[in-house]
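Thanks for coming, everyone. Please bring up the sequence and the model, and we will walk through it together.

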Amino acid sequence: MGALSAFDKNSPHQLREWLTLTGRKRVLVVAHTVTYIKRLQEVFSLLESDLRVQVLFTAPPHPFGDGVAAFLHRLGSAVLPWEKAARLDYDLALAAGPRGLGEISAPLITLPHGANYLKRIIEGTDARVAGLGRPDIVPDGRCLPAAVVLPHRDDLHGLAQLCPEALPVASVVGDPVHDRIVASLPRRPAYRRALGLRKGQKLVAVVSTWGALSSFGSIEALLPRLINELSGKGRRVALLIHPNVWSGHGAWQVRAWLAQCRRYGIAVVPPEADWRAVLVAADWIIGDHGSVTLYGTLTRAPILLAASPEREINPLSPAAALARTAPALSPGHSLTSQLAYAAAEYAEHQGEEYAAIASRITSEPGRFTRNMRRLMYRVLGLGQPAHPAVTRRLPLPPRLDNWCASDTGADTGTDTDTEATA
């Protein structure tokens with residue numbers, strides 16, 4: 001609590017009074033949700049080792065804000081209560097979502113919190129692309145940000161249609177997750193060993209975004225098939241579920257719903273974990289219209305789509321192209337035969353098609369760290385540190401068994417005599 005108490009003051013004067021290093025440029029990270037803060041971590045980590053900069057964090061109210069406080073606590077962050085954060089001035093603010101930004105006094109850089117701009121928001125008879133419209137870029141009548149970060153130059157066309165006044169501050173920077181996955185692909189055997197996969201054992205990553213039309217929205221139909229058809233038999237299964245599902249329903253409830261599959265050795269990756277190494281290690285991906293499935297096109301794993309609702313997908317996005325390309329999961333055929341079909345299709349021609357889709361995630365491949373650091377320091381009015389901004393490979397993940405349950409009672413509060421079997 002030391003970091004918290006030192007910043008829990010009523011005025012900028014009191015804030016300075018408690019610090020040891022003063023006169024630093026102040027950067028505020030606005031952490032609405034776990035998804036947002038994990039994306040922003042790729043950005044504020046570029047300020048490491050710079051003694052000229054003090055990074056602060058705040059968590060505004062958000063419907064999916066559960067888990068943010070715990071995440072920031074694990075980081076050891078200096079956290080400002082939202083009502084106090086709104087009363088101070090900063091040299092830069094970073095955000096991956098729009099809520100409450102009209103209250104922050106700072107030059108603002110906004111970023112997308114996922115891959116590209118995949119989803120449409122349906123409001124009555126109208127639909128807009130999430131992330132590119134005025135409600136996302138100039139919420140609450142706020143003035144334009146200092147910079148609107150875009151992953152691909154093609155996104156400039158969408159911005160010109162939906163919020164043309166933001167074009168002068170648009171900056172095509174790239175995509176951090178794309179770059180780290182690509183940099184980590186040569187390390188795939190190490191990730192598989194770290195996950196505990198045996199030689200010849202196959203990993204199926206089952207991926208879901210959030211919402212009623214996601215893969216998890218019909219999980220009751222998919223779970224029995226995962227347990228009965230894929231558990232054991234030389235395969236492991238890992239569930240990668242969007243943090244908004246965990247936040248919306250509660251972590252206890254999600255684990256309780258998935259208790260039986262965890263007993264059968266299916267790994268349920270928690271929302272705070274780094275899912276990217278699991279995706280790199282996968283032999284197949286069963287997914288939907290979310291960002292994680294799209295990032296799967298980078299991994300050379302065949303993809304089956306358990307859900308791809310046309311009404312929720314931006315028709316000009318790479319997710320729409322993937323929905324037209326990847327085979328759709330069928331209820332009338334075995335999962336084993338459909339995985340074999342997907343692998344054969346990928347080997348014959350879909351590998352090239354997936355590569356073309358993946359190329360639409362970013363038009364600055366491998367250059368996010370360089371471009372983003374340059375942009376931040378320009379807004380801060382500082383010269384960049386005299387060393388390259390490197391793209392780091394992903395860290396080794398824990399074993400899949402750590403995300404299973406040998407005794408569900410320890411996790412959900414229910415009694416059980418059944419031990420998990422892998």
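Which residues touch the most other members in the largest nonpolar core? Before I answer, some ground rules. This is a predicted model, so to speak of local features we need pLDDT of at least 70, and side-chain atom pairs count only at pLDDT 80 or more, while totals for chains, interfaces and linings use all residues. Residues are numbered from 1 along each chain as its sequence is written, and side-chain values use heavy atoms, with hydrogens and water left out.

Now the core. It has 46 residues, and I181, L203, L240, L279 and Y295 touch the most other members. By nonpolar core I mean a set of buried Ala, Val, Leu, Ile, Met, Phe, Trp, Tyr and Cys residues joined through side-chain atoms within 4.5 Å. Buried is under 20% relative accessible area, exposed is over 50%, and partly exposed is in between, using a 1.4 Å probe and protein chains only. Helix α14, residues 276-281, gives the most to this core: five residues. Helices here are DSSP runs of H or I with at least four residues, strands are runs of E with at least two, and both are numbered from the N terminus.

A second core lies apart from that one. This other core has 34 residues, including L40, V79, V173 and V379.

Take Y295 next. Leaving out neighbours within four places in sequence, Y295 contacts R39, G114, A115, D175, V177, H178, I181, W275, L279 and I361. Contact means heavy atoms within 4.5 Å.

Several of those partners lead us to helix α8, residues 176-184. Seven of its nine residues are buried. They are P176, V177, H178, D179, R180, I181 and S184. What covers them? The cover includes α3, α9, α14, α15, α17 and α18. The N-terminal end of α8 is capped by D175, with a side-chain oxygen 2.9 Å from the backbone nitrogen of V177.

On to helix α3. It is largely enclosed by the rest of the structure, because 10 of its 11 residues are buried. Among them are Y36, R39, L40 and F44. At the start of α3, a side-chain oxygen of T33 comes within 3.4 Å of the backbone nitrogen of T35.

α3 also brings us to aromatic pairs. Rings of Phe, Tyr and Trp (its six-membered ring) pair if their centres lie within 6.5 Å; planes under 30 degrees apart are stacked, over 60 edge-to-face, and the rest tilted. By that rule there are five aromatic pairs. One of them is F44 with F57, edge-to-face, at 5.0 Å centre to centre and 90 degrees between the planes. F44 sits in α3 and F57 in strand β2, 13 residues apart. F44 is buried at 11% relative accessible area. F57 is buried too, at 6%.

Where does β2 belong? It is part of an open sheet of seven strands, in the order β3-β2-β1-β4-β5-β8-β9, with parallel pairing. β3 and β9 stand at the edges with a single partner strand each, so one side of each has no neighbour in the sheet. Two strands pair if DSSP finds at least two bridges between them. β2 and β3 are joined in parallel by two bridges. T58 has L80 in β3 as its bridge partner.

Now strand β13, residues 284-287. W284 and I286 point one way, I285 and G287 the other, and all are buried. β13 runs parallel to β10, with three bridges between them. There, V206 is opposite I286. β13 also pairs in parallel with β14, again over three bridges. In β14, I303 is the bridge partner of I285.

Two last stops. First, the domains, whose bounds come from an automatic or database domain assignment. Domain 1 covers 25-175 + 365-380, and domain 2 covers 185-361. Their centres, taken over C-alpha atoms, are 27 Å apart. Their contact takes 23 residues from domain 1 and 29 from domain 2.

Then L400, in the loop between α18 and α19. Is L400 buried or exposed? Buried, with a relative accessible area of 0%. Beyond residues up to four places away in sequence, L400 touches L195, L197, L203, R236, A238 and A267. Its C-alpha atom is 9.1 Å from that of V278, and the two residues are 122 apart along the chain.

Technical notes: Polar contact = N/O pair within 3.5 Å; in protein donor to acceptor, adjacent residues only side chain to side chain.
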